[in-house]
Amino acid sequence: MSQQEIPNLLTGTVSSLYIHVPFCQSKCHYCDFYSLAGADSQLVQVWHETIKVELQRLSREAESNGVSILPLETIYYGGGTPSLLPFEFLAEELELCRELFGIAETAEITLEANPEQIKTEETAAEWLTIGFNRLSIGLQSASDHLLRIMGRRHNKEDALRAVCFAHEAGFCNISADIISGLPDAQMSDIEETLAFIDNLPLTHLSCYALDVPHDSYFAKMLAADCSRFPDDRLEREMFHHIREVLIDRGFNHYEISNFALDSFQSRHNTVYWRAEPYLAAGPSASSYLAGIRRSNPASLMEWKKTVLEDGPFSADTVTEIISEEEAARESILLGLRLLSGVKAKDFQQRHSRDYRQLFAGQIKKLSQAGLLNFDGDTLRLTHEGEDFCNIVFREFV
Ligand code: SF4
């Protein structure tokens with residue numbers, strides 16, 4: 001990190017905003033994000049009216065809570081399925097952000113979109129006109145049989161059309177998600193997905209290993225027949241193959257699960273990995289400001305009540321006050337996700353401590369196990385450490 005990149009944690013300034021859109025057409029079989037299946041238009045209207053109030057209250061109440069909101073450098077609409085929202089709602093909300101906080105001229109403004117919602121070039125063009133300049137598309141796989149198993153509503157053809165329409169409309173920064181380790185997946189499915197994306201104008205890829213949340217449909221499948229799920233060894237082989245091919249195609253593997261061309265690293269997600277502050281709005285959304293983590297209720301109606309009655313800085317939304325000791329651990333935990341690692345001098349500048357002394361035991365143990373490497377300047381995960389990052393992170397919790 002350069003001097004300029006050291007976050008303003010202690011001064012309580014913030015320039016990133018996450019907005020959670022809690023609606024999906026149906027629930028995918030691996031998902032435990034808070035979202036309501038069905039996207040009832042009356043509920044969408046309730047969400048839209050409430051998010052406007054929440055943004056206004058954030059702006060009004062920030063300073064009295066020691067937080068200065070700078071013109072926004074990143075805005076991220078996640079969910080749920082933000083691409084389900086009517087254009088006029090999105091336009092009104094972004095305009096409100098501009099009025100309340102300001103939006104930096106070079107801001108990264110991301111919309112998560114599902115392929116089946118990008119049916120025409122005009123749809124994507126409209127998002128561009130409103131102000132979005134980055135799309136994150138839920139591709140997940142190019143194998144139709146795996147898309148069906150996941151309960152996705154699109155097929156390979158839809159995904160091809162969606163990315164092409166977005167690109168033709170003028171989006172120059174398009175990311176796609178891929179999942180490895182899906183039930184019934186073979187290496188040939190990974191090959192098919194890699195061949196498919198080779199022809200797409202993508203600037204960024206997020207490649208996640210399947211995680212099976214407790215109350216998901218996949219959890220029941222796993223309990224019924226675990227042999228359908230690739231074991232860890234095969235899942236890692238799949239990921240290694242993806243990594244090798246993407247690097248070969250010129251993508252920079254910059255975070256454990258993320259790859260980008262040139263300067264297309266996700267600026268918004270990098271804020272999380274650097275443990276920098278961010279605002280959040282919408283049900284279940286979590287913010288991190290001035291060392292305090294707050295989470296909104298994961299229920300549309302409870303969130304509405306909290307926003308209207310208590311406001312964004314209510315004591316009830318505080319889920320964690322991060323002590324200096326915890327902040328130091330988080331800097332390592334999150335910073336190691338970035339493959340550029342954590343520089344000793346940046347850590348010293350931020351926490352006024354030397355991590356080589358503070359975490360001497362952990363660094364020695366994990367280095368001896370071949371999971372961490374310190375080159376005299378920067379602490380990084382080794383390739384093996386990337387595969388066993390949970391073991392590494394557990395040592396710092
Ligand atoms: S569309 Fe996305 S948020 Fe909605 S259920 Fe599927 S994975 Fe979850």
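A residue counts as near a molecule or strand if its C-beta atom, placed from the backbone, lies within 6 Å of it. The model is predicted: local features need pLDDT of at least 70, side-chain atom pairs count only at pLDDT 80 or more, and totals for chains, interfaces and linings use all residues. Residue numbers start from 1 along each chain as its sequence is written.

**Exercise 1.** Which residues are around the ligand, and how do the residues of the shell divide?

Solution. Step 1: list the residues around the ligand, which are Cys24, Lys27, Cys28, Cys31, Phe33, Ser35, Gly79, Gly80, Thr81, Asn114 and Gly138. Step 2: apply the classes, where Ala, Val, Leu, Ile, Met, Phe, Trp, Tyr, Cys and Pro are nonpolar, Asp, Glu, Lys and Arg are charged, and the others, Gly among them, are polar. Step 3: the shell divides into four nonpolar, six polar and one charged.

**Exercise 2.** What order do the strands have in the open sheet of three strands, and which strands stand at the edges?

Solution. Step 1: strands are DSSP runs of E, at least two residues long, numbered from the N terminus. Strands pair if DSSP finds at least two bridges between them. Step 2: the order is 15-17-16, with antiparallel pairing. Step 3: strand 15 (342-343) and strand 16 (372-374) each have a single partner strand, so they stand at the edges with one side lacking a neighbour in the sheet. Step 4: strand 16 is joined to strand 17 (residues 378-381) by three bridges, and Phe374 stands opposite Leu379 in strand 17.

**Exercise 3.** What share of the 397 residues is buried?

Solution. Step 1: buried means that 20 or more other C-beta atoms, placed from the backbone, lie within 10 Å of the residue's own. Step 2: buried residues make up 39% of the protein.

Note on methods. Helix = DSSP H or I, 4+ residues; strand = E, 2+ residues; numbered from the N terminus. Buried ≥ 20, exposed ≤ 12 C-beta atoms within 10 Å, placed from the backbone.
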